[in-house]
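Please explain how this structure is put together. A guided account in running paragraphs, suited to a reader new to it, would be welcome.

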Amino acid sequence: MNTNSHTERYTQLINLYLILPSGELSSLTSIYIDSSTGIICNPPSISSSNKIKDIKIIDLNGKMISPGLIDIQINGAFGVDLSEFENTQKYIEGLKKMSKRLCEFGITSFLPTIISQKNQKYQSILPILKQVTNLLFDKSDEMARSLGWHLEGPFINPCKSGCHPTINFVNASNGIKSLKEMYGDDNLKKNEKMIKMITLAPEIKGILDVMPFLVRMNGKLAWVILMLLPN
């Protein structure tokens with residue numbers, strides 16, 4: 001292994017197996033990673049400006065490499081409930097604990113998912129998730145990364161509530177104002193770019209009227225799950 005004190009431009013993982021799309025293993029191979037971006041790249045050309053000293057070599061001794069998993073709906077794990085809030089410090093500690101453990105199981109990123117709550121809960125939790133997403137997860141943390149928010153409710157049909165507390169369910173009779181009052185006006189601003197997915201029921205009063213706003217969110221198509229529920 002290269003033991004130079006400076007940060008090498010590339011990392012080469014050698015003696016590894018790749019899991020192929022067929023489910024079979026490749027023959028022993030190696031891959032290169034651009035250390036500045038963390039992205040797998042083509043083998044660098046060795047030149048006077050890019051010498052072998054700029055490549056950190058790690059021998060995986062026959063281990064398997066697979067893509068990291070992305071969990072787009074996770075309400076909590078390892079004793080942590082993302083929909084519960086007591087104070088900011090405790091919430092951040094729980095989120096970091098969960099993120100570290102998820103990484104151990106191959107989950108490299110996720111969408112923290114908040115089930116149907118009162119507006120005070122959303123407006124307390126979402127700014128913390130934004131803070132943690134933007135500030136606390138750097139490349140050295142060995143944590144799964146938060147990609148943004150999954151807002152699961154409370155615009156859901158009470159006839160099929162699942163694990164959601166129906167006492168928190170509401171409609172969107174005031175259109176987008178209903179969503180802003182629930183999630184917080186600041187949290188719905190286009191420049192936030194934190195809301196990646198919303199779970200709601202299209203038959204709830206006012207929901208179809210807010211769809212144009214939701215698909216324009218973040219300047220691109222928002223991920224919206226429409227729960228098609230029976231009458």
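Two strands are said to pair when DSSP finds at least two bridges between them. With that term in hand, one may turn to the model, which is a predicted one. In β3, I40 is the bridge partner of I33. The strands concerned are β2, which covers residues 29-34, and β3; they run in the antiparallel sense and are joined over 3 bridges.

This pair belongs to a wider arrangement. An open sheet is formed by 4 strands in the order β3-β2-β1-β4, with mixed pairing. The edges of the sheet are taken by β3 (39-41) and β4 (55-65); each has a single partner strand, so one side of each is left without a neighbour in the sheet. From one strand to the next, the twist averages 35°. As a general matter, the strands of a sheet pair through backbone hydrogen bonds, in either a parallel or an antiparallel manner.

The account now moves to the nonpolar interior. In soluble globular proteins, nonpolar side chains tend to be buried together. In this model, the largest nonpolar core holds 38 residues, of which M98, L129, L151, F155, L179, Y183 and L214 touch the most other members. Two or more residues are given to this core by each of the helices and strands α1 (88-104), β8 (107-114), α2 (119-136), β10 (149-152), α3 (176-183), β11 (195-200) and α4 (207-216). The greatest contribution is that of α2, with 6 residues.

The element α1, already met as a contributor to the core, also takes part in a pocket. The second largest pocket encloses about 200 Å³ of space. Its lining is made up of G79, V80, D81, E84, F85, E86, N87, K90, Y91 and G94. The elements that supply two or more residues to this lining are β7 (80-81) and α1, and α1 gives the most, with 3 residues. By character, the lining residues of the second largest pocket divide into 3 nonpolar, 3 polar and 4 charged.

A last stop is the loop between β11 and α4, where G206 is found. Is G206 buried or exposed? The cut-off for a buried residue is under 20% relative accessible area. G206 has a relative accessible area of 15%, and is therefore buried. In sequence, G206 and N174 are 32 residues apart, while in space their C-alpha atoms are 6.9 Å apart.

Definitions and conventions: Residues numbered from 1 in each chain as written. Predicted model: local features only at pLDDT ≥ 70, side-chain atom pairs only at ≥ 80, totals over all residues. Heavy atoms only, no water. Core = buried A, V, L, I, M, F, W, Y, C linked by side-chain atoms within 4.5 Å. Buried < 20%, exposed > 50% of the residue type's maximum accessible area, 1.4 Å probe, protein only. Axes fitted to C-alpha atoms, helices over the stretch in contact; angles between N-to-C directions. 1 Å grid on protein atoms, 1.4 Å probe; cavity = no way out; pocket = protein on both sides within 12 Å on 5 of 7 lines; lining within 4 Å. Points joined across faces, edges and corners; volume = space filled by probe spheres on them. Nonpolar A, V, L, I, M, F, W, Y, C, P; charged D, E, K, R; others polar.
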